[in-house]
Amino acid sequence: MGTLEIVKWLADACYGFLAINFLWGITRVVLAWRRLSQLSFRSLKAETEFVDDLEGMLNAHQYKEAAERCDFDFRALPRLCLLMIINRNQPYQQLRHTISSNVQRDIIGDLEDHLGSLVTVIKSGPLLGLFGTVLGMMAAFGRIGTGEKVQPSQIADEISVALICTAMGLATAIPLGYILQYLGIKLRTLQDSLESNVPRILQHFRQREG
């Protein structure tokens with residue numbers, strides 16, 4: 001296999017690399033979207049009602065009822081509240097550290113992994129497209145450089161590979177970039193919610209210790 005054939009083969013293979021990169025990005029979008037939907041309240045009203053109800057139970061020392069209120073609720077705040085109730089006999093500082101570690105490791109960290117992978121996909125799309133473009137142009141100029149009589153249609157095939165790879169790379173990066181921005185906003189909203197409500201619930205256990 002000559003150099004020209006290898007270059008053409010790699011240029012054609014870029015289609016596959018670009019397709020795999022795009023599908024990996026879509027997979028990460030779906031996983032991140034589902035995870036955010038699972039962890040977040042649908043509305044501020046629902047979140048406020050939950051916190052008010054739970055706070056009332058805790059102030060009445062109805063820990064069993066409060067645990068049942070949070071059990072089988074896979075949203076981030078109820079999960080953290082259930083963890084507080086289960087570990088309520090820990091010293092306050094230790095309980096606070098437990099909750100903080102859980103937030104970073106199991107909630108925020110997991111979501112940041114998905115979004116970090118999506119960033120890699122977005123950056124890789126144009127680079128793979130550029131790689132395919134360079135290979136396509138190399139194949140076109142390599143054919144011209146052979147000194148043989150070359151039909152315009154043959155040159156057009158190699159140039160079309162270059163342009164299609166460029167388009168595929170941009171078609172991956174542009175829409176996924178907008179989606180990443182939206183998911184980033186949703187993640188910050190979830191973080192703001194936890195930073196606002198978790199200390200409010202923790203305060204009960206601090207007062208209880210005092």
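At what angle do the axes of helix 2 (residues 44-59) and helix 3 (residues 63-70) cross, and within what distance do they come? I put this to the model, which is a predicted one.

**Entry 1: helix 2 against helix 3**

I found that the two axes come within 8 Å and cross at roughly 155°. Angles over 145 degrees count as roughly antiparallel, so helix 2 is roughly antiparallel to helix 3. I noted the crossing of helix 2 past helix 3 as left-handed.

I then listed the residues that make the contact. Helix 2 contributes Phe50, Asp53, Leu54, Met57 and Leu58, while helix 3 contributes Tyr63, Glu65, Ala66, Arg69 and Cys70. Sorted by class, this contact has seven nonpolar and three charged residues, with no polar ones.

**Entry 2: the loops on either side of helix 3**

I looked up backbone phi angles next. As background, most residues other than glycine have a negative phi. His61, in the loop between helix 2 and helix 3, has a positive phi near 60° and is not a glycine. I recorded His61 as exposed, at 52% relative accessibility.

Phe72 lies in the loop between helix 3 and helix 4. Its phi is also positive, at about 65°, in a residue that is not a glycine. Phe72 counts as exposed, with a relative accessibility of 72%.

**Entry 3: helix 4 and Cys81**

Is helix 4 largely enclosed by the rest of the structure or not, and how many of its residues are buried? I found eight of its eleven residues buried, so helix 4 is largely enclosed by the rest of the structure. The buried residues are Ala76, Leu77, Pro78, Leu80, Cys81, Leu82, Met84 and Ile85.

From these I chose Cys81, which lies in helix 4 (residues 76-86). Its relative accessibility is 1%, and Cys81 therefore counts as buried. Leaving out residues up to four places away in sequence, I found that Cys81 touches Phe50, Leu54, Cys70 and Ile201. Phe50, Leu54 and Cys70 are also among the residues of the contact between helix 2 and helix 3. I also recorded a C-alpha to C-alpha distance of 8.1 Å between Cys81 and Ala67, which are 14 residues apart in sequence.

**Entry 4: Arg35 and Leu170**

Is Arg35 buried or exposed? I found Arg35 in helix 1 (residues 3-39), and with a relative accessible area of 18% Arg35 is buried. Beyond residues up to four places away in sequence, Arg35 touches Arg79, Asp106, Asp110 and Leu111.

Leu170 belongs to helix 6 (residues 152-209). At 41% relative accessibility, I entered Leu170 as partly exposed. I also looked up its separation from Met57: the two residues are 113 apart along the chain, and their C-alpha atoms are 53 Å apart.

**Entry 5: the whole chain**

I ended with the overall architecture. The protein has six helices and zero strands, and the pattern along the sequence reads α-α-α-α-α-α. The radius of gyration is 27 Å, well over the 17 Å that the globule rule gives for 210 residues, so the protein is more spread out than a compact globule. I recorded a box of roughly 90 × 30 × 20 Å along the principal axes for the C-alpha atoms.

I noted that 39% of the 210 residues count as buried. Of the contacts between residues at least 6 apart in sequence, 79% join residues at least 24 apart.

Definitions and conventions: Residues are numbered from 1 along each chain as its sequence is written. This is a predicted model: local features need pLDDT of at least 70, side-chain atom pairs count only at pLDDT 80 or more; totals for chains, interfaces and linings use all residues. Side-chain values use heavy atoms; hydrogens and water are left out. Axes are lines fitted to C-alpha atoms, for helices over the stretch in contact, and angles run from 0 to 180 degrees between N-to-C directions. Helices (H or I, at least four residues) and strands (E, at least two) are DSSP runs, numbered from the N terminus. Angles under 35 degrees count as roughly parallel, over 145 as roughly antiparallel, 65 to 115 as roughly perpendicular and the rest as oblique. A crossing is left-handed if the near helix is turned anticlockwise from the far one by less than a right angle, and right-handed if clockwise. Contact means heavy atoms within 4.5 Å. Ala, Val, Leu, Ile, Met, Phe, Trp, Tyr, Cys and Pro count as nonpolar, Asp, Glu, Lys and Arg as charged, and the others, Gly among them, as polar. The radius of gyration is taken over C-alpha atoms; the globule rule is 2.2 Å times the number of residues to the power 0.38. Buried means under 20% relative accessible area, exposed over 50%, partly exposed in between (1.4 Å probe, protein chains only).
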